[in-house]
Amino acid sequence: MIPAALFGLCPNCGQKTLFGNITHFAERCRACSLDFSSYNVGDGPAAFLTLIVGAIVLGLALFVEFTFYPPIWVHLLLWIPVTSLMVIGTLRFSKALLLISEHRNEAHEGTVDEQEGGP
């Protein structure tokens, strides 16, 4: 599951067709025609990654500040690209991981398993 998420592989056929561009899924797999739009990944990965990456970058920025005392422009040149790359890289991975997990668990948008004896 981890290699498939890292390389953007289709959860059905294993071809590298999961993403249409850097962070958006393709409509469907070009090899097996699996419809990726039926999966609901949502904004959950983005919210968690913003907090996680923000905490990591803040810790690193504070370490650099109190160790080297660089001018503010060094922080700007360093942390803006680092933050952007970390968010985009981990967002792509986490979205793919969530979609692959939904596929393996057969969890599609609009489907709910009804329990026996339930309302």
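**Close-up views of a predicted all-helix chain pattern**

**View 1. The protein chain as a whole.** Of the 119 residues that make up the protein chain, 27% count as buried. The model shown here is a predicted one, and the protein chain in it holds three helices and zero strands, which follow one another along the sequence in the pattern α-α-α. Among contacts in the protein chain with a separation of 6 or more, 55% are accounted for by residues 24 or more positions apart. The accessible surface of the protein chain amounts to about 8200 Å², and carbon and sulfur atoms contribute 64% of that surface.

**View 2. The ring pair of Phe19 and Phe25.** The count of aromatic pairs comes to one. In this pair the ring centres of Phe19 and Phe25 are 5.2 Å apart and the ring planes stand at 20 degrees, so the pair is stacked, given that planes under 30 degrees apart count as stacked. The two partners fall into separate accessibility classes: Phe19 is buried, with a relative accessible area of 10%, whereas Phe25, at 21% relative accessibility, counts as partly exposed. The boundary that matters for this assignment is 20% relative accessible area, under which a residue is called buried.

**View 3. Charged side chains over the rings of Phe19 and Phe25.** Each ring of the stacked pair also has a charged side chain over it, Arg92 in the case of Phe19 and Lys95 in the case of Phe25. Arg92 lies over the face of Phe19 at 4.0 Å from the ring centre, while the charged end of Lys95 sits 5.3 Å from the centre of the Phe25 ring. Arg92 is thus placed over a residue that is buried, and Lys95 over a residue that counts as partly exposed.

**View 4. Cysteine sulfurs around Cys29.** Taking a disulfide as a pair of cysteine sulfur atoms within 2.5 Å, the count of disulfides comes to zero. Cys29 is in no disulfide, and the cysteine sulfur nearest to that of Cys29 belongs to Cys13, at a distance of 3.6 Å. Cys32 is likewise in no disulfide, its nearest cysteine sulfur being that of Cys29, 3.6 Å away. Because the cut-off is 2.5 Å, neither of these distances of 3.6 Å qualifies. With a relative accessible area of 2%, Cys29 is buried, whereas Cys32 counts as partly exposed at 27% relative accessibility.

Terms used
Residues numbered from 1 in each chain as written. Predicted model: local features only at pLDDT ≥ 70, side-chain atom pairs only at ≥ 80, totals over all residues. Heavy atoms only, no water. Buried < 20%, exposed > 50% of the residue type's maximum accessible area, 1.4 Å probe, protein only. Phe/Tyr/Trp six-rings, centres within 6.5 Å; stacked < 30°, edge-to-face > 60°. Lys NZ or Arg CZ within 6 Å of the ring centre and 35° of its normal. Helix = DSSP H or I, 4+ residues; strand = E, 2+ residues; numbered from the N terminus. Contact = heavy atoms within 4.5 Å. Areas by Shrake-Rupley, 256 points an atom, 1.4 Å probe, with all protein chains shown as cover.
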